[in-house]
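Subject: Structure for your files

Hello,

Here is the structure I said I would hand over. Please open it alongside the notes below.

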Amino acid sequence: MSHIPHLINGERVAGTGRTADVFNPSTGEVIHQVALADRATMQQAIDAAKAAFPDWRKTPPAKRAQVMFRFKQLLEEHEGAIAKLISEEHGKTLEDATGELKRGIENVEFACGAPQILKGEYSRNVGPNIDAWSDLQPIGVVAGITPFNFPAMVPLWMYPLAIVCGNCFILKPSERDPSSTLYIAGLLLEAGLPKGVMSVVHGDKEAVDALIAAPEVKALSFVGSTPIAEYIYSEGTKRGKRVQALGGAKNHAVLMPDADLDNAVSALMGAAYGSCGERCMAISVAVCVGDQIADALVQKITPQIHELKIGAGTSCGLDMGPLVTAAAKDKVAGYIDAGVAAGAELVVDGRGLSVSGNENGYFLGGTLFDRVTPEMTIYSDEIFGPVLCIVRVNSLEDAMQLINDHEYGNGTCIFTRDGESARLFCDEIEVGMVGVNVPLPVPVSYHSFGGWKRSLFGDLHAYGPDGVRFYTRKKAITQRWPQRASHEAAQFAFPSNG
Ligand code: NAD
């Protein structure tokens, strides 16, 4: 069993205080212990970031981008090793871990465009001999707090962009699967990032509270569950910080009577059961418009759920691995119990699954409920497991009302062949990311990612153009060079071109 240290100011720091066990969820064994930072350890990273900032903010954006070009190359060269680390601690399949890394690398590619991204706007002759321009300046020391379910991709949503914008970054990754995150940060240093510009500090609430309390930390990006997002948003903004806090989700897929059912079923299988349902964009509710499409869906999807290939995350060719912890498994199983007790029809029961050779792993099979109604907790709560609920409604309007009434608004999609229905849905649905015949509408890196309602606290979405706005401050400069011989009298009326 090895100890996972912090990475502060370019050095591995063991930490002296508390530690947490890191499990292999496929076997149930403790494989590492990760350091949990106290306030003093976090302060070391903050001090290093503060000291690195004056030089880094003056480093030309093109030079900052060169680090990202090298970083991208290293990430690609180390893809196999990173995917293995993700699978070992998270439990997701190797193919899924590789997919997450590739989506993360897209954010590094976007950051490589720093000179273009940061060039601002210029206007000549806004008045007599007056020119004006706007500048995008870095904020200073900024921090990110990330969840277990994407240990590579979600941190990569944040720090490549924050860093090319000229900021210094402190990452507090999830303590449940920190190895891949730390490994990737090591590659960034190898790519030539100056020490102190980025540190990785592991920890739990104590470490997060140290970031919130530190006046040197000017902005916080958070991704995780809604209660913690709300806490960080309110505590951070109270202290005058810029905060972007992405929270939980309950994502609905609407199946119209004219949907291409075979393709919709394939899409739902991947979106509901991929990564064991531990994705903030996972589809957990299928809203069927009419009994006919609902009956057809149940008939087609049931055998496919029984045939899911489930096993240790680090094996190849599987559909699903285990849940991340024993507690996560128990929580999801508890929701299945609650669904049965509330009267939903349990079509496929994933409880009691045993994987041969991995009997102590945290496995649950794919689960399907039909005739779920809005007051049931399996409908209202984010389960974050391999559970798909079917809700039957009579019309598209009813489906949209159901979705709009839900407290979360992260992602949604509609399966239809009818443009008019799709257009109405895109226009009026109160959800931040919408797919038309696309089950996981995660925006590409040059757009931005974010939900509505209680899925996001803050004004700006993550990465892409909104990420640039979040990690920079705008400065508007107006400059005048009067002609030498001219004498100018004082003007008391407000200056204008009128
Ligand atoms: P979590 O909220 O438990 O943890 C997220 C981070 O917060 C971790 O770094 C953790 O150490 C820290 N944390 C935990 N408890 C804390 C506390 N009391 N005070 C301060 N910090 C604390 O989330 P998780 O279980 O790691 O991740 C799953 C959740 O994240 C789901 O709800 C999922 O929907 C959400 N998520 C959302 C998005 C999105 O983009 N909206 C993306 C990925 C995950």
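The notes that follow deal with the ligand and its surroundings.

Please keep in mind that this is a predicted model.

The ligand occupies the space of the largest pocket. Around the ligand there are 27 residues, and those that come nearest are Thr146, Lys172, Glu175, Ser225 and Glu382. Sorted by class, the shell consists of 13 nonpolar, nine polar and five charged residues.

Both domains take part: domain 1 (2–247 + 455–477) and domain 2 (251–436) each give at least three residues to the shell. As for secondary structure, at least two shell residues come from helix 8 (205–213), and at least two from strand 11 (217–223).

Some backbone atoms lie close enough for polar contacts with the ligand. For threonine 146, a backbone N or O atom is 2.8 Å from a ligand oxygen atom. A polar backbone atom of phenylalanine 148 is 3.0 Å from an oxygen atom of the ligand, and for glycine 224 the distance from a backbone N or O atom to a ligand oxygen is 3.3 Å. The ligand taken alone exposes 840 Å², of which the protein buries 89%.

Regards

Conventions. Residues are numbered from 1 along each chain as its sequence is written. This is a predicted model: local features need pLDDT of at least 70, side-chain atom pairs count only at pLDDT 80 or more; totals for chains, interfaces and linings use all residues. Side-chain values use heavy atoms; hydrogens and water are left out. A residue is near a molecule or strand if one of its heavy atoms lies within 4 Å of it. A polar contact is a pair of N or O atoms within 3.5 Å; within protein, one must be able to donate a hydrogen and the other to accept it, and residues adjacent in sequence count only if both atoms are side-chain atoms. Accessible areas come from the Shrake-Rupley method with a 1.4 Å probe; for residues, only the protein chains shown count as cover. On a 1 Å grid over the protein atoms alone, a cavity is a set of points where a 1.4 Å probe fits but cannot get out, and a pocket is an open set with protein on both sides within 12 Å along at least five of seven lines; lining residues have an atom within 4 Å of a point. A molecule sits in a cavity or pocket if more than half of its atoms lie within 2 Å of its grid points. Helices (H or I, at least four residues) and strands (E, at least two) are DSSP runs, numbered from the N terminus. Ala, Val, Leu, Ile, Met, Phe, Trp, Tyr, Cys and Pro count as nonpolar, Asp, Glu, Lys and Arg as charged, and the others, Gly among them, as polar. Domain bounds come from an automatic or database domain assignment.
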